[in-house]
Amino acid sequence: MLASYYSKIEIRVLMAIATMLIAFLFAVSAARGATHKPAELTVIDETNSVWKTQSADGQGAFAAFKWGLEGDIRVPADYDGDGITDIAVWRPATGNWHILRTSDGATLNIKWKQTGAIGDIPVPADFDGDNIADLAVWRPENGTWYVLTSRSGFSGSSVSALGSLGDIPVPADYDGDGRADAAVFRSAQNRWYIAESKTGKLITRDFGLAGTDLLVPADYTGDGRADLAVFRSGVWYVQELSGETERFEFGFADSIPVPADYDGDGTTDFAFYRQGTWYFLDSGQPRLRSVKFGNKNEIPQTSLSVKPSMIAVR
């Protein structure tokens, strides 16, 4: 049938182009996989502040660390640029950050007196684009973002303004320039406000249901941009840059969403935690798998990045 429309030479050319395209896609996939490390499984025992870590395939070495005091806020992120999330806490009473680096096992204690006011919310992310998480705090009282950059050795700070009391901070790289953008979700409007670091423009997008959804923005499509995303009683809704919304059922009403890149391909995987078991849909294969890791008193570390879509304002 194909030969009736194209000559044999044309068919060979088309086949050669298809072969080269497939080879190129495999090369890109391999290159991306080589530059990303799979996220580890970590649970935190809330009764004793012990962090327990296991590889995402359930086969690697197990490790446990006691880290933090009562009243600390857990702020895990990659603070040393090795591609692995570090154990860390922020102490509101002092404004200090206490980090256990995975790269060398060293502890990093950073005093930052500018933060620690009542109501401050820690929002660590890579705001300066060096692949290392910066220390950051958002102050709801006046919508101020305080960032202590890793590029400056955590000594130089920047200040910007976005948001107001009652908003939920959701920083991520929405414009794909390699730097986290300051962003908030406003419950009263079901609206996202994003200050693009690339253009300096303030972008607004209506998406989600306040009080019902959990906010889980991340790059689920592999284009290098964080997508707007929510988790609603076992259903994921992802809105791409084009405005098109995809609906994906994966989880239960009592599931805890734990999205992260568990297969190391550079794309965030849909995942949830339920009663001590992790369930993943790897984007690289794709394949569905599960790993038993966790107990009743433990919470998954990756759930700490998940935000409620509504908070009580006092």
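**Exercise 1. Contacts and overall make-up**

Task: Find what share of contacts in the protein chain, between residues at least 6 apart in sequence, join residues at least 24 apart. Then describe the chain as a whole.

Solution:
- Step 1. Take contacts between residues at least 6 apart in sequence; 37% of them join residues at least 24 apart.
- Step 2. Note the kind of model: this one is predicted.
- Step 3. Count the secondary structure. The protein chain has one helix and 25 strands.
- Step 4. Turn to burial. Of the 314 residues in the chain, 45% are buried. Buried here means under 20% relative accessible area.
- Step 5. Look at the surface. About 16100 Å² is exposed, and carbon and sulfur atoms supply 55% of that area.

**Exercise 2. An open sheet**

Task: Work out the order of the four strands in the open sheet, and explain why S4 and S7 stand at its edges.

Solution:
- Step 1. Read the order: S4-S5-S6-S7, with antiparallel pairing.
- Step 2. Check the ends. Strand S4 (73-74) and strand S7 (107-110) each have a single partner strand, so each has one side without a neighbour in the sheet.
- Step 3. Recall the principle. Strands of a sheet pair through backbone hydrogen bonds, either parallel or antiparallel.
- Step 4. Zoom in on one pair. Strand S6 (residues 96-100) and S7 run antiparallel and are joined by four bridges.
- Step 5. Pick out a facing pair: Leu-108 in S7 stands opposite Ile-99.

**Exercise 3. Backbone features in loops**

Task: Locate the cis peptide bond that leads to Pro-286, and place Ser-233 and Gln-275 in their loops.

Solution:
- Step 1. Go to the bond from Gln-285 to Pro-286. It is cis, with omega near -10°.
- Step 2. Place the proline. Pro-286 sits in the loop between strand S22 (277-282) and strand S23 (287-292).
- Step 3. Move to Ser-233. Its phi is positive, about 50°, although the residue is not a glycine. Ser-233 belongs to the loop between strand S17 (228-232) and strand S18 (235-239).
- Step 4. Now Gln-275, also not a glycine: its phi is positive, near 50°. The loop between strand S21 (270-274) and S22 holds Gln-275.
- Step 5. Classify Gln-275. Its relative accessible area is 63%. The cut-off for exposed is over 50%, so Gln-275 is exposed.

**Exercise 4. A nonpolar patch**

Task: Which residues make the nonpolar surface patch of about 260 Å², and is Ile-311 buried, partly exposed or exposed?

Solution:
- Step 1. Name the members: Leu-165, Ile-311 and Val-313.
- Step 2. Place Ile-311. It lies in the segment after strand S25 (307-308).
- Step 3. Classify Ile-311. With a relative accessible area of 36%, Ile-311 is partly exposed.

Definitions and conventions:
Residues are numbered from 1 along each chain as its sequence is written. This is a predicted model: local features need pLDDT of at least 70, side-chain atom pairs count only at pLDDT 80 or more; totals for chains, interfaces and linings use all residues. Side-chain values use heavy atoms; hydrogens and water are left out. Patches are made of residues with over 30% relative accessible area and no salt bridge: like charges are joined within 9 Å, nonpolar side chains (Val, Leu, Ile, Met, Phe, Trp, Tyr) within 5 Å. Accessible areas come from the Shrake-Rupley method with a 1.4 Å probe; for residues, only the protein chains shown count as cover. A salt bridge is a side-chain nitrogen of Lys or Arg within 4 Å of a carboxyl oxygen of Asp or Glu. Helices (H or I, at least four residues) and strands (E, at least two) are DSSP runs, numbered from the N terminus. Buried means under 20% relative accessible area, exposed over 50%, partly exposed in between (1.4 Å probe, protein chains only). Two strands pair if DSSP finds at least two bridges between them. Contact means heavy atoms within 4.5 Å.
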